[in-house]
Structures are given as structure tokens and as C-alpha cells.
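Me: I have a model open and want to go through it. Can we start with how the strands line up?

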Amino acid sequence: MDVRDAVKKLDPYVPGRSEDEIASEFNLKKEDIVKLGSNENPWGPSPKAVEAIRTEAYNVNRYPETDLHELKEEFAKYTNLDADNIIISGDGADEIIDILAKTFINPGDEFITPLPTYTYYEFLFKPYGGVPVYAKWNLQDNVLDLDSVLDAINDKTKLIFICSPNNPTGTLVSEKDLRTIIETAPNALVVIDEAYYEYSKQTQANLIKEYDNVFVLRTMSKVMGLAGQRIGYGLSNPEIIEYMHRIKPVFSLTRSSYVACLATLKDKDYISQSIKKGIESRDYLYREVSKFENLRVLESKSNFMLIDVHNSTYDAAGLTRKLMEKGMIVRDCTSFKGIDEYWIRISIATMEDNKKFIDVLHTILD
Ligand code: PMP
């Protein structure tokens, strides 16, 4: 069978490695593995979400809810917006990115993505004929290179992705820079990816009240501890949200995801603990990794951080392999565009696992 050209040309997406994979490849016990590779919440989901899923299991003979009114109201409270500003997806924020492509991209339309950044934007936009135009992050000063974004804007620009905090650099974009981008490209939709915003305590969601060309992307996979349930949401003006609903798969949010999401949003203690522990864990890792003379770690406002290993005796693949042999899963960033083969990313773990990781890192690099 002849598949579409756009699909033939796609580079495969490289996800973080799983515990099962590493256990079998390096002959390790699963319980000895520390996972710092996929920017997850290491403390587990809200017990209220677990209970809600357990109860809902008896109803899965029925199709999911399509009227998400109650959940939208809960998100409206959480985001300080209205229910008609919100779209909720059932395959994570990734599904929202796909819906954005389906809603806005005609073949040949350009989208801007500063590198290095979340690689899935490009992966999901190319099949619809979207053409990536690359801007850049300044890794030396760990800021967005604003001019590179402004220079990339032209008549064909349909959409601009700004990830804040950016994956993998952990960098926040200032409100001033965002306003400059939004105002320079009034005909393009500026998508601010706030997947990790709770760890930074800075959101730009208010900008959607002021500008028609702003979309904020969020997820339940990080602070909210529901990565396996695959729930994402997007915030924008009601017109954009209404168009996106026309094309969104109606049943993508499963019954168990619906109840788990609702229970988590109502569990305010869980959310605040999750943020507090996440920030403590990140700050600990940053302090400890900063003590290595042969590493340079970028300060992060997220639940992960990027480490430059140029001055060690390893490249990213070599160091990643050494760590994995000892049960430590980290992300080799070589597959990210806009970065060379000397960067790894680590994400937060429990304090006990963080300490194990730092000890292992010393045995390899000292
Ligand atoms: N945006 C960014 C920046 C991410 O890092 C991720 C996941 N790693 C996502 C979006 C997608 O998250 P999910 O599909 O799990 O909601």
C-alpha cells in the first residue's frame, strides 16, 4: 500500500525510556530503577482520583460523557476563565496540538517553533502539510531569542509555539516578550504551552481576555499526576474553542479520565503538595548538580532541568548509557533539534531517589 508522502517523510518520535525496557536491557530489577526521564509526577496520583476510577470501572460498558459541563466549570474555576474558553482532550495536551493542526493548518502554512523545544509540535503538524520555521532559544543565557522569533514571522505564519517553561531548557518567557510576539503577528495564533506552569507559578492565561490570537495549552500529566490517563486542556476565546470542538473526536475523554480529572481538580491539598514537593525536588537537584565542576546545569522553572555535559569525558549517549546500567533513567537530548549531542535532561524524583541519582552521578563523574 502506498502511504501519504507526509507520513513517509516523518522522523519517528523518540519518547523517554520506560522502566520495563531498561530492566530487561540491563538485567536490573524494576524496583531498583529510578526514573528521571519523562517529566512525570513521582508521588503518584491523588487518592481521590484512584477512588473515582475504581468506582467508575463498573460503568465502562457505557460510552463516555459528551457533555463535559461539570468538568469545564471546574476548569473555569481553576483557570479563572469561563467554561466556553475551555476545550478538554482525552489523549493529553498532545491531542490538543493535533486538533490545533486540524483546525488551522492548510498545506504550506508555516508554524514557528524556537529550538530546542517540545518535538511533538513538529511531529503532529507536518502530517497536515504544516511547514516548520525554526527560531531559537539562547542556551548561553537561557532565554528566548526574541529577535529570532520576530524575524521568522511572515504572511504565511499561521501559528507560533512558545513553550513556557520550555521543554527541555526550563526557561520562562516574559510577559513583555509574549506581548511583542502577539502584537507583531496579529494574524497568527500564538500558542503558549504551559504544560509545566504550576512549577513556575507564572501563567499568561489572562492574555486570552485581551487578545484574539492567543491559545494556552495545559495538561493533567505533570503536577496533577495523571499522565497515564491522558488528559489535556486548552484555553482560548470562545470562537476558536467552538471551531476546535467541531473537529475534536467526541469520545476521546474516557469515563475513567473524566472522573479522575474532576476528583483531582477538587483535591486542593493534593495539588498544593504536588507543587511544593516538585519545587523542593527540583531545587535540590539543581543545587547538587551545580556542584559538579564538569557539568553545567540550566536553572529551570519546571520539573526537569537540562545539563550540558561538554566538559565531562562523555557525550549524552555515553553518559545516559552509564547511568542506565546503574538503573538511572535520564533523557539523552540528542534527538531534540537545535541542540548538539552533549545534553541530557533529568526530571524530579522523590528525595530518596534524587539522592540515589546524585550518588551514582558522583561515582561516574568524580
Ligand atoms: N507540552 C510539553 C511541553 C510537554 O513536555 C508535554 C509532555 N511531555 C506535552 C505538552 C504533552 O503532555 P500530555 O500529552 O501528556 O498532556
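Reply: A definition before the strands: two strands count as paired if DSSP finds at least two bridges between them. Keep in mind that this is a predicted model.

Me: ok, so what stands opposite Leu217 in β9?

Reply: Gly234 does. Strand β9 covers residues 232-235 and runs antiparallel to β8, with four bridges joining them.

Me: and β7, parallel or antiparallel to β8?

Reply: Parallel, over four bridges, with β7 spanning residues 189-193. Val190 has Val214 in β8 as its bridge partner.

Me: how many of the residues in β8 are buried?

Reply: Six of its six, counting residues 214-219. Val214, Val216 and Arg218 point one way, while Phe215, Leu217 and Thr219 point the other way. In a regular strand the side chains alternate between the two faces of the sheet.

Me: Switching topic. What are the domain bounds?

Reply: Domain 1 is 5-44 + 269-365, and domain 2 is 53-266, according to the domain assignment. Their C-alpha centres lie 24 Å apart.

Me: how many residues does each put into the contact?

Reply: Domain 1 gives 31 residues and domain 2 gives 26.

Me: which elements on the domain 1 side supply at least two residues?

Reply: α1 (5-8), α13 (268-290) and β11 (304-308) each do. The largest share of that side is from α13, with seven residues.

Me: nonpolar, polar, charged: how many of each on that side?

Reply: The side of domain 1 that touches domain 2 has 16 nonpolar residues, nine polar and six charged.

Technical notes
Residues numbered from 1 in each chain as written. Predicted model: local features only at pLDDT ≥ 70, side-chain atom pairs only at ≥ 80, totals over all residues. Domains from an automatic or database assignment. Contact = placed C-beta atoms within 7 Å. Nonpolar A, V, L, I, M, F, W, Y, C, P; charged D, E, K, R; others polar. Buried ≥ 20, exposed ≤ 12 C-beta atoms within 10 Å, placed from the backbone.
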